[in-house]
Amino acid sequence: MKFAIVGCNSEDAITFPHHTEVVTTPYGNARVIHATLPNGKEVDFLTRHSICLQEDAYETNFRANIFALYLCGVTHIVSISVMGTCDYSFRLGSFCLVSDFIDFTKLRESSFRMEHRLVRHAGMDDVFDGRMTGALEEVILGEKIPYEGRVNYACVDGPRHETAAEARMMRALDAQVIGSTLVPEAPLCREVCIKYASIGIIARYATGMDQDVTDEDLLRISAQHKGRALDVALKMIEKYSE
């Protein structure tokens with residue numbers, strides 16, 4: 001069993017002994033950080049959108065990222081993402097855990113080539129692993145972090161935000177949160193049999209619900225809470241490994 005944390009944490013946030021490896025895959029190169037936790041357990045880290053967010057989400061090489069972790073022997077991934085919400089009851093800065101998704105993306109390679117898949121057709125039942133999600137939920141509740149529960153996630157290409165009409169449509173389709181990172185990341189994990197769970201940080205309200213949120217607002221909320229999300233992931237990994 002080997003864990004990786006994928007998401008919005010830069011290398012500067014990793015305070016444990018670590019080194020970086022550029023992993024070559026059939027889909028391009030990916031930069032993986034190998035770290036050793038104080039208890040001696042090895043955990044890999046991968047920054048999703050390259051260094052300093054130099055790529056938009058639809059430009060991210062998801063296939064190289066996930067295949068690199070697969071080549072490194074990763075069996076379980078905890079993802080950390082900043083999300084918007086189309087649910088009026090959700091609070092900015094609160095956490096959620098993703099339980100299912102609706103895919104509105106159009107610009108992405110969504111599958112590994114057949115010779116690199118471990119399954120011919122990837123089933124999407126429980127694509128977000130129930131045991132890992134339950135373990136993350138236990139940590140969040142134990143730490144008394146504001147928590148909105150398990151949610152359905154609508155994935156869009158970006159970089160633009162959804163329109164007000166699109167937000168109403170997503171709400172009607174039972175989506176509570178909106179983002180641009182978990183598809184095809186989660187389905188790709190399923191293709192190579194990596195278990196996957198996702199922590200969401202609620203950083204904005206959907207278009208039409210409140211005043212416009214600037215990139216500076218999103219970065220501020222992300223900076224305030226991503227360290228705590230990383231702590232949740234690490235505590236879960238420690239408990240899960242026991």
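Me: Before I read the sheet, what must hold before two strands count as a pair?

Reply: Two strands pair if DSSP finds at least two bridges between them. In this predicted model, β6 and β7 run parallel and are joined by 7 bridges, with F101 standing opposite Y153 in β7. On the pairing of β6 with β9, 3 bridges join the two strands, which run antiparallel, and within that pairing C96 has G200 in β9 as its bridge partner.

Me: How many residues does the largest nonpolar core have, and which of them have the most contacts inside it?

Reply: The general idea is that, in soluble globular proteins, nonpolar side chains tend to be buried together. Here the largest nonpolar core has 37 residues, and those with the most contacts inside it are I66, L69, I77, F128, Y153 and V177. Two or more residues each come from β1 (3-7), β3 (28-36), α1 (62-71), β5 (76-85), β6 (95-103), β7 (147-155), α4 (185-191) and β9 (195-205), and α1 gives the most, with 6 residues. A second, separate core holds 31 residues, among them I80, F95, I145 and M236.

Me: Which residues does V177 touch, if residues up to four places away in sequence are not counted?

Reply: With those sequence neighbours set aside, V177 touches M83, G84, T85, F90, C96, V151, N152, Y153, A154 and I202. In strand β8 (residues 177-179) one also finds G179, which touches Y153, A154, C155 and V156 when residues up to four places away in sequence are again left out. G179 counts as buried because its relative accessibility is 10%, and its C-alpha lies 8.7 Å from that of T85, although the two are 94 residues apart in sequence.

Me: How should I read α5, and where does α5 bend?

Reply: An α-helix has 3.6 residues a turn, so residues three or four places apart point the same way. In this model, the 27 residues of α5 should span 39 Å at 1.5 Å a residue, and the end C-alpha atoms are 37 Å apart, which agrees. The helix nevertheless bends by about 40 degrees at H225. Its buried residues are L218, I221, S222, A229, L230, V232, A233, L234, M236, I237 and Y240, and these pack against β1, β4 (42-47), β5, β6, α2 (130-142) and β9.

Me: Is D217 in α5 buried or partly exposed?

Reply: D217 is found in helix α5 (residues 215-241), and it counts as partly exposed because its relative accessibility is 25%, whereas L218 is among the buried residues of the helix. As for distance, D217 and V6 are 211 residues apart in sequence and 22 Å apart in space, C-alpha to C-alpha.

Me: How many disulfides does the structure hold, and why is C86 not bonded to the closest cysteine?

Reply: The reasoning needs a cut-off, since a disulfide is a pair of cysteine sulfur atoms within 2.5 Å. The structure holds 0 disulfides. For C86, the closest cysteine sulfur is that of C96, at 11 Å, which is too far for a bond; for C189, the closest is that of C193, also at 11 Å and likewise too far. As to burial, C86 counts as buried because its relative accessibility is 1%, and C189 counts as buried because its relative accessibility is 0%.

Note on methods: Residues are numbered from 1 along each chain as its sequence is written. This is a predicted model: local features need pLDDT of at least 70, side-chain atom pairs count only at pLDDT 80 or more; totals for chains, interfaces and linings use all residues. Side-chain values use heavy atoms; hydrogens and water are left out. Buried means under 20% relative accessible area, exposed over 50%, partly exposed in between (1.4 Å probe, protein chains only). Helices (H or I, at least four residues) and strands (E, at least two) are DSSP runs, numbered from the N terminus. A nonpolar core is a set of buried Ala, Val, Leu, Ile, Met, Phe, Trp, Tyr and Cys residues joined through side-chain atoms within 4.5 Å. Contact means heavy atoms within 4.5 Å. The expected span of a helix is 1.5 Å times one less than its number of residues. The bend at a residue is the angle between axes fitted to the seven residues ending there and the seven starting there.
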